[in-house]
Amino acid sequence: RGAPLAGSRLVPRRPLRRGRRGAQRSPGRCKHPPERPPRGSMETQGKRGPVLHIVVVGFHHKKGCQVEFSYPPLIPGEGHDSHSLPEEWKYLPFLALPDGAHNYQEDTVFFHLPPRCGDQTTIYGVSCYRQIEAKALKVRQADVTRETVQKSVCVLSQLPLYGLLQAKLQLITHAYFEEKDFSQISILKELYEHMNSSLGGTTLEGSQVYLGLSPRDLVLQFRHKILILFKLILLEKKVLFYISPVNRLVGALMTVLSLFPGMIEHGLTDSSQYRPRKSVSEDTGLQEVIPPLDDYVSVSAADISNTNSGMGEEGRKLLGNHVREAQKTDVPLSHSEKNCNGSQSSNGTGHLKPPSRTSPESSESDWETLDPSILEDPNLKEGEHENMTSEQTEILSKECTTSESPPITVQPQAKTGHVVLVPGLISGLEEDQYGMPLAIFTKGYLCLPYMALQQHHLLSDVTVRGFVAGATNILFRQQKHLSDAIVEIEEALVQIHDPELRKILNLTTADLRFADYLVKHVTENRDDVFLDGTGWEGGDEWIRAQFGAYLHALLAAVLQPDNEKILSDFGTAFVATWKNTHNYRVWNSNKHPALAEVNSSHPFQGQYSVSDVKLRLS
């Protein structure tokens, strides 16, 4: 006990150690200030927590929607009350404070923002909007000139915990408005600290991911059409959801996505890779160089070989010229990508790069559409990377005419009994042993739960190959040529414009039985008011499990030899169309041995009967 007193050398040591640690944290010495450290590693996320910013957006009578407060500041070095926005997030005010919000006392918005420079994944936004009468304010600022004050408090997070963030945010927004003095921002700073401390160790498993998303309500509203919605998204079509207010819109859209196994948890990280509209000159510069979209949206070997073989010699020469031209000229897109990410990955931007696959000089180019994180896989050594890349190049250079080419990679499988997720070698998403989630929202297929009118140009953007988007403005609904299907949530209508697509999505007899099975279980189990939704059968988790089983059966059936009869239960035309999608090709390029244990027939296959005729008529 007396030793520390006697040992005078020990006394100054502690302050010195503390000083060194403090010096490492100080913004002056650190390469990245604490407010915006790099997001490359999970370690960083653990220290900072999943919440990036708390933002207040207000409506100014002259300037429109604008950011009034952000903590930490959206742009490092600026004040908390700065109106400045990062270029990538220029639509933030219009997403957080939705169009037509003045018609509602309060509302909630889920929205997605593109990653910022150097960031890897989608930023998930949750916003709570409220309005209050100006005369009720204790402190009325000079710029309040209207009878009502409209503001939104929003959270920007790295984790897709929509319902959980909404529940916490609604309480704080209510308290913030109850102050009746919007300069009292301490409550918002406390919210940031509280959320990061409480959600810091959150894993994306379990029911909290699905909080507030109720498939039961969706089945009760859409009935058998819910399976049409499910298949529509599997085909990667342009799907627009429409209803007002926004909370009903985003709730329905995200609930549909929650039916896809692992989609909410791990399938949306690449779903918002778009670039805000900049100058016209940059767009025209890009158009000269970028080849048609069909040439570069897919990454599987079979797909690329098919494209090459279908193009013929002239097409390949033309594409080669495009690539050489792109390499000679300094394209703004490639230049900015190198500046942002330090590598030639397409993750930091919404534009997909022209493929330089046909150019023999660069073997690295074969992997440039893949997620860079796969190249950092600790299980692969450098030599193996080179081998894989050279093998890939050889496969791509061969002209292969069959779409059913053998898989080019084998997904590493977990040997343990519980679910283990591994980074997909091609999708870049965290996948389970069945290859879920499917790589639907990747490579230019967007998920925008709520779209502001300012983002309208994305619907016709050449770099956007499809979308699942939500809108409350009638202008979106009127322009039917920009989408393949419009989902009217209020009337439970799925309007498919193309007669051919309607035919493809016609439910088979087995599909109708499956949908009827869902509807019956949900409607029969809602009689007891107190136990509504708490039982297993007919409950939210049960419905998700049914769709998971349906999708697993479809995937297992595709792998069977001589499977025409089995696949006819899912719809022959539907399966043929689905096999041409990006998500199928990515999934099919890996082996998934776990599917061998799954029953490879439709869950509701069987002989046609009189009850099926009645079902189809009803």
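Which residue of β12 does V239 stand opposite? In this predicted model, V239 faces A485 of strand β12, and that pairing is a good place to start a tour of strand β6.

Strand β6 covers residues 239-242 and has two parallel partners to consider. With strand β12 (residues 485-488), β6 pairs in the parallel sense over 4 bridges. With strand β11 (residues 466-471), the pairing of β6 is likewise parallel and spans 4 bridges; here Y242 stands opposite A471. Both faces of β6 are covered: V239 and F241 are buried on one side, while L240 and Y242 are buried on the other.

Helix α6 offers a contrasting pattern of burial. The helix runs over residues 186-199, 14 residues in all, and reaches 20 Å from its first C-alpha to its last. That span is close to the 20 Å expected at 1.5 Å a residue. Its buried residues are I187, L188, L191, Y192, M195, N196 and L199. Viewed down the axis of α6, these buried residues fall within an arc of 165 degrees, so they line one face of the helix. The face turned away from this buried side carries E190 and S197, both exposed.

Helix packing comes next. Two packed helices are described by the angle between their axes and the distance between the axes. For helix α8 (residues 225-234) and helix α18 (residues 540-558), the axes come within 13 Å and cross at roughly 50 degrees. An angle over 35 degrees but under 65 counts as oblique, and α8 and α18 are therefore oblique to each other. The crossing of α8 and α18 is right-handed.

Note on methods
Residues are numbered from 1 along each chain as its sequence is written. This is a predicted model: local features need pLDDT of at least 70, side-chain atom pairs count only at pLDDT 80 or more; totals for chains, interfaces and linings use all residues. Side-chain values use heavy atoms; hydrogens and water are left out. The expected span of a helix is 1.5 Å times one less than its number of residues. Buried means under 20% relative accessible area, exposed over 50%, partly exposed in between (1.4 Å probe, protein chains only). The arc is that of the directions from the helix axis to the C-beta atoms. Two strands pair if DSSP finds at least two bridges between them. Axes are lines fitted to C-alpha atoms, for helices over the stretch in contact, and angles run from 0 to 180 degrees between N-to-C directions. Angles under 35 degrees count as roughly parallel, over 145 as roughly antiparallel, 65 to 115 as roughly perpendicular and the rest as oblique. A crossing is left-handed if the near helix is turned anticlockwise from the far one by less than a right angle, and right-handed if clockwise.
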